[in-house]
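The report that follows describes one protein chain, moving from its overall make-up to selected helices, contacts and charged pairs. Please read it alongside the sequence and the structure shown here.

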Amino acid sequence: MDVLLLHGLLLLPLAALLLYRCSPHFQYLCKVAFFNCWIVAMATLLSPFAAFRGRSVDNMKLLRAALLPLKRFYGIRMRVRGAEQLQLQGPFVIVCNHQASLDLMGMVEVIPERCVPIAKRELLYLGTVGWACWLSGIIFIDRHRRDTAIEVISHTASTMRHENLRVWVFPEGTRNPGKSMLPFKRGAFHLAVQAQVPIVPIVISPYWDFFSSKEKRFTSGTCTIRVLPRVETRGLSPKDVPELTESVRQAMAEALAEMSMSDHEDQATEQSLLGLGDNRGRPQGQGDTARNGK
Ligand SMILES: CCCCCCCCCCCCCCC(=O)SCCNC(=O)CCNC(=O)[C@H](O)C(C)(C)COP(=O)(O)OP(=O)(O)OC[C@H]1O[C@@H](n2cnc3c(N)ncnc32)[C@H](O)[C@@H]1OP(=O)(O)O
Ligand SMILES: CCCCCCCC/C=C\CCCCCCCC(=O)OC[C@@H](O)COP(=O)(O)O
């Protein structure tokens, strides 16, 4: 009986390995589980160190260092274009498209010093993850209570100026793996106008070639992060916010459309050079659907 149990225990990892190699769905589940476990483990490990310093934007460096290795585990190559646009003295607001939690990997590639994201309040309740976020000075807003969210943003505007803080906002307000960007929420733009600081738009290329939560597909691939020229807000007032929001969204949407084409072409060329079909890591018969889905 003991021998049978031992054999069973030995065979279990082998079976899991085989399943991992053969089933893209199982591979997807393992990779997503690893992503979440890594975040929880790192947050648990780092929170005591961060607590030692107290709530401080400097703790963002710890979070960044903890998330940077993730791209290597997943074989994701990050290309950054226009990083020089982030070489600004003083505070500014970054606005970035939001496709999935994987955005954290792109975020840590380019996040400047003294920069904190604005996040939904729910993240605060994720145990040690919430604690690590709070200790790093992440700004939480309650999306269901507009007035209090606006209050938090107004308070952030004055903190930015007094403490030379940069703020990262996902103006779509929620994750969006779709083809185009959602309409933008206006908080980030009010924030920049209130603080009279520039806006730096950042566009992360679509993940379709290597990641899709709908199709349960997660392979390796390349991701491009493009930092667009900054937009000045000096002299603008709240009445200019709708137009400002639209013009920034338009510039980002154009960049996203351009990147969707060029990244996919690069990936296809790379794969044909390697002698691989375009269906690598995709369930049989779904390659064309995934491509046309762009
Ligand atoms: C070791 C590892 C451990 C840790 C690892 C984990 C790290 C995680 C870090 C990363 C976290 C990333 C998390 C990302 C998110 O959580 S995304 C979700 C949260 N973000 C947002 O929601 C974006 C910001 N939201 C907004 O800006 C909204 O505008 C909001 C203020 C919330 C209001 O929303 P809503 O009412 O739905 O829409 P509108 O934008 O259309 O606004 C309605 C009217 O209000 C006016 N408005 C908005 N903001 C302001 C303001 N600040 N001041 C004055 N007025 C404002 C707006 O203009 C609209 O009025 P009008 O129509 O123009 O008259
Ligand atoms: C005591 C409770 C312990 C609970 C432990 C839970 C473990 C959770 C595991 C991992 C947490 C990973 C958190 C990554 C956060 C990534 C940021 C993100 O992408 O947030 C989504 C948010 O932008 C928009 O949310 P919606 O698209 O509107 O939804």
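Buried is used here for a relative accessible area under 20%, exposed for one over 50%, and partly exposed for what lies in between, with a 1.4 Å probe and protein chains only. The model is predicted, and local features need pLDDT of at least 70, side-chain atom pairs count only at pLDDT 80 or more, and totals for chains, interfaces and linings use all residues. Residues are numbered from 1 along each chain as its sequence is written, chains are lettered from A and ligands numbered from 1 in the order in which they are written, and side-chain values use heavy atoms, with hydrogens and water left out.

**Overall make-up**

The secondary structure of the chain amounts to 10 helices and 9 strands, where helices (H or I, at least four residues) and strands (E, at least two) are DSSP runs numbered from the N terminus. Of the 294 residues of the chain, 46% count as buried, and the accessible surface comes to about 15900 Å², of which carbon and sulfur atoms hold 60%; such areas come from the Shrake-Rupley method with a 1.4 Å probe, and for residues only the protein chains shown count as cover. Among contacts (heavy atoms within 4.5 Å) between residues at least 6 apart in sequence, 77% join residues at least 24 apart.

**The N-terminal helices and the loop after α2**

L11 has its place in helix α1, residues 2-22, and it counts as exposed because its relative accessibility is 53%. Together with L14 and L17, L11 forms a nonpolar patch on the surface, with about 320 Å² of accessible area for the three. Such patches are made of residues with over 30% relative accessible area and no salt bridge, like charges being joined within 9 Å and nonpolar side chains (Val, Leu, Ile, Met, Phe, Trp, Tyr) within 5 Å.

Helix α2, residues 24-53, contains V40, which is partly exposed at a relative accessible area of 42%. Once neighbours within four places in sequence are left aside, V40 is in contact with T128 and V129, while V40 and R64, 24 residues apart in sequence, are separated by 14 Å from C-alpha to C-alpha. An unreviewed UniProt entry lists residues 32-52 as "transmembrane region", with the caution that UniProt positions are given in the numbering used here, feature names are shortened, and annotations may be inferred rather than shown by experiment. In the model, the span 32-52 is 100% helix and 0% strand, and its end C-alpha atoms lie 31 Å apart.

S56 follows in the loop between α2 and α3 (60-67), and a relative accessible area of 16% makes S56 buried. Leaving aside neighbours within four places in sequence, S56 is in contact with L135, S136 and G137.

**The annotated domain and the core**

The unreviewed UniProt entry also places "domain: Phospholipid/glycerol acyltransferase" at residues 92-207. Over residues 92-207 the chain is 37% helix and 20% strand, with the end C-alpha atoms 27 Å apart.

The largest nonpolar core, that is, a set of buried Ala, Val, Leu, Ile, Met, Phe, Trp, Tyr and Cys residues joined through side-chain atoms within 4.5 Å, has 79 residues, and those with the most contacts inside it are V93, L102, W168, F189 and I202. In helix α8, residues 187-195, F189 is buried along with A188, L191, A192, V193 and A195. Not counting residues up to four places away in sequence, F189 touches V95, P171, F184, I199, V241, L244, T245 and V248. Just after α8, Q196 takes a positive phi of about 55°.

**Charged pairs**

Side chains of opposite charge can pair when their charged atoms come close. The structure holds 6 salt bridges, each defined as a side-chain nitrogen of Lys or Arg within 4 Å of a carboxyl oxygen of Asp or Glu, and the table gives three pairs.

| Salt bridge | Closest N and O atoms |
|---|---|
| E258 and R226 | 3.1 Å |
| E232 and R230 | 2.8 Å |
| K239 and D240 | 3.8 Å |

E258 lies in helix α9 (residues 241-273) and R226 in strand β9 (residues 221-227), so the E258 and R226 pair ties together parts that are 32 residues apart in sequence. E258 is partly exposed, with a relative accessible area of 48%, and R226 also counts as partly exposed, at 22% relative accessibility. E232 is partly exposed at 37%, and R230 is partly exposed at 38%. Salt bridges that share partners join R230, E232 and R234 into one network.
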